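Here's a walk through one protein model, written for someone who'd rather look at side chains than at tables of statistics. Have the viewer open as you read.

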Amino acid sequence: MAKIVFWVSLGVVLYVYLGYPCILFLIGIFKKSYADKKISSNNDFLPNVSLLIVAYNEEKNIENKLKNSLALDYPKNKLEIIIISDASTDNTEKIVKSYEGKGIKLFAIKERGGKTSALNSVFPEIKTDIIIFSDANSVYDRNAIKKLTSRFEDKNVGCVCGNLKLTNVDETGVSKGEGLYWKYENVIKKLESQQGSLLMGAGTIYAIRRELYQSVDIDLADDFTMPLSILAKGYKVIYEEDAIAYEKTSTILKEEFNRKRRIAARDSLAYTRIFYKLPVFVLWQLTSHKFLRWLISYFLFLIFIANIFLLSSVFYSVIFVLQIVFYFLAFLKLRIPYYFCAVNMAASLGVWDMFIGKRYITWEKAKSSR
């Protein structure tokens, strides 16, 4: 029994991190992928766009975001920039109002309800063809909107996710770990996008067709739920690497741990509500890429415990020693082991939060990004 538990658990871990991306890679080789099709990047295709930016107490970032948004290379008569203040209590709204004469619109929500609730409340006011979602603490490359919208000339594309680049990955072990994780995730995004079934994007830079927007439950994340709902409707969700946003990541482990835990709790809840609506191929992707990964800590624990009962074998003794060394290095806060253990523990706790009914609606701004 111990051997079965050991090898099944180890197999799941290897499948999640190596097997799944390798299978996607092979599918891309042997099957004509969506990326092989000619997708226009016609600069003359310029639909009407709304850029939605949800902000909560962003007085230190909002002016820079406003200036960046106004400087984007997109026709001014086809771009509306909307700041949604989720009941900010600082000077965020005052700063935004000072830009209203320059083409900025402010929607001030009186009672705080979280990002998803804020987006739901403003959507009825949106009349443009394309909606782009962003955050107040990021800045866009000048051509980012053109790169996103050009992909919508293909009528089969319902959602386009941009490329988030982290600007401070070398500051601490935590930010370095997040930088490595993000590079790995971008590889998988490209592989999923080849099939037209990218599972999710970065919440600070993704776009959808307005007619495909649907109200999202306030205890779910829009950037996870929206792309999946669009895939469920039969549209393509793709990755546009040249649509770039820049953002700082957290440099403090506690902040990053809590963020990963909150994300896993909300996204695993979304999984339980939407999985039965998805095409079989997309459901396989979602289970492989996300659901099993949220449970990795549990599988690692089973590997460790099962290994104890197999120490009479030299092979299993070596594996056990390697595990001890790995976790000791994590204890010493060596970058890769430390980050790997922390984020997987956060994800597993997030799933536990979901099962016990804990819900995350609002968020607090990370101190390290202020």
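What follows covers a pocket, a surface patch, some salt bridges, a buried helix and a few backbone angles.

First, the ground rules. This is a predicted model, where local features need pLDDT of at least 70, side-chain atom pairs count only at pLDDT 80 or more, and totals for chains, interfaces and linings use all residues. Residues are numbered from 1 along each chain as its sequence is written, and side-chain values use heavy atoms, with hydrogens and water left out.

**The second largest pocket**

Rolling a probe the size of a water molecule over the atoms shows where empty space is left. On a 1 Å grid over the protein atoms alone, a pocket is an open set of points where a 1.4 Å probe fits, with protein on both sides within 12 Å along at least five of seven lines, and lining residues have an atom within 4 Å of a point. The volume is the space filled by probe spheres set on the points, which are joined across faces, edges and corners. The second largest pocket holds about 420 Å³ of space. Its lining has 16 residues, and Leu-10, Val-13, Leu-300, Ile-303 and Gln-323 sit nearest the centre.

Helices here are DSSP runs (H or I, at least four residues), as are strands (E, at least two), and both are numbered from the N terminus. Helix 1 (2–30), helix 10 (296–308) and helix 11 (314–331) each give at least two residues to the lining of this pocket, with helix 1 supplying the largest share at seven residues. Chemically, the lining comes out as 15 nonpolar residues, one polar and no charged. In that tally Ala, Val, Leu, Ile, Met, Phe, Trp, Tyr, Cys and Pro count as nonpolar, Asp, Glu, Lys and Arg as charged, and the others, Gly among them, as polar.

**A greasy spot outside**

On the surface, Phe-301, Leu-302, Ile-305, Ile-308, Phe-309 and Leu-311 form a nonpolar patch with about 560 Å² of accessible area together. Patch members have over 30% relative accessible area and no salt bridge, and nonpolar side chains (Val, Leu, Ile, Met, Phe, Trp, Tyr) are joined within 5 Å. The areas come from the Shrake-Rupley method with a 1.4 Å probe, and for residues only the protein chains shown count as cover. Ile-308 belongs to helix 10 and is partly exposed at 38% relative accessibility. On this scale buried means under 20% relative accessible area, exposed over 50%, and partly exposed in between (1.4 Å probe, protein chains only).

**Salt bridges**

Side chains of opposite charge can pair when their charged atoms come close. The cut-off for a salt bridge is a side-chain nitrogen of Lys or Arg within 4 Å of a carboxyl oxygen of Asp or Glu. The whole structure has 16 of them, and three are listed here.

| Pair | N to O distance |
|---|---|
| Arg-142 and Asp-73 | 3.9 Å |
| Glu-185 and Arg-293 | 2.7 Å |
| Lys-260 and Glu-256 | 3.8 Å |

Where does Glu-185 sit, and where does Arg-293? Glu-185 is in helix 6 (residues 173–194) and Arg-293 in helix 9, 108 residues apart, so this pair links distant parts of the chain. Glu-185 is buried at 4% relative accessibility, and Arg-293 is buried at 8%.Lys-260 and Glu-256 both lie in helix 8 (residues 253–274), four residues apart, about one turn of the helix. Lys-260 is buried, with a relative accessible area of 12%, and Glu-256 is buried at 1%. Elsewhere, Asp-217, Asp-219, Arg-273 and Arg-359 are joined into one network by salt bridges that share partners.

**A buried helix and some positive phi values**

Helix 7 (residues 222–232) is largely enclosed by the rest of the structure, because 10 of its 11 residues are buried. Among them are Asp-222, Asp-223, Phe-224 and Met-226. Just after helix 7, Gly-234 takes a positive phi of about 95°.

Most residues other than glycine have a negative phi. Asn-57 has a positive phi, near 50°, and lies in the loop between strand 1 (49–55) and helix 2. Asn-57 is partly exposed, with a relative accessible area of 22%. Lys-333 also has a positive phi, near 65°, and is found in the loop between helix 11 and helix 12 (335–355). Lys-333 is exposed, at 56% relative accessible area.

Note on methods
Patches are made of residues with over 30% relative accessible area and no salt bridge: like charges are joined within 9 Å, nonpolar side chains (Val, Leu, Ile, Met, Phe, Trp, Tyr) within 5 Å.
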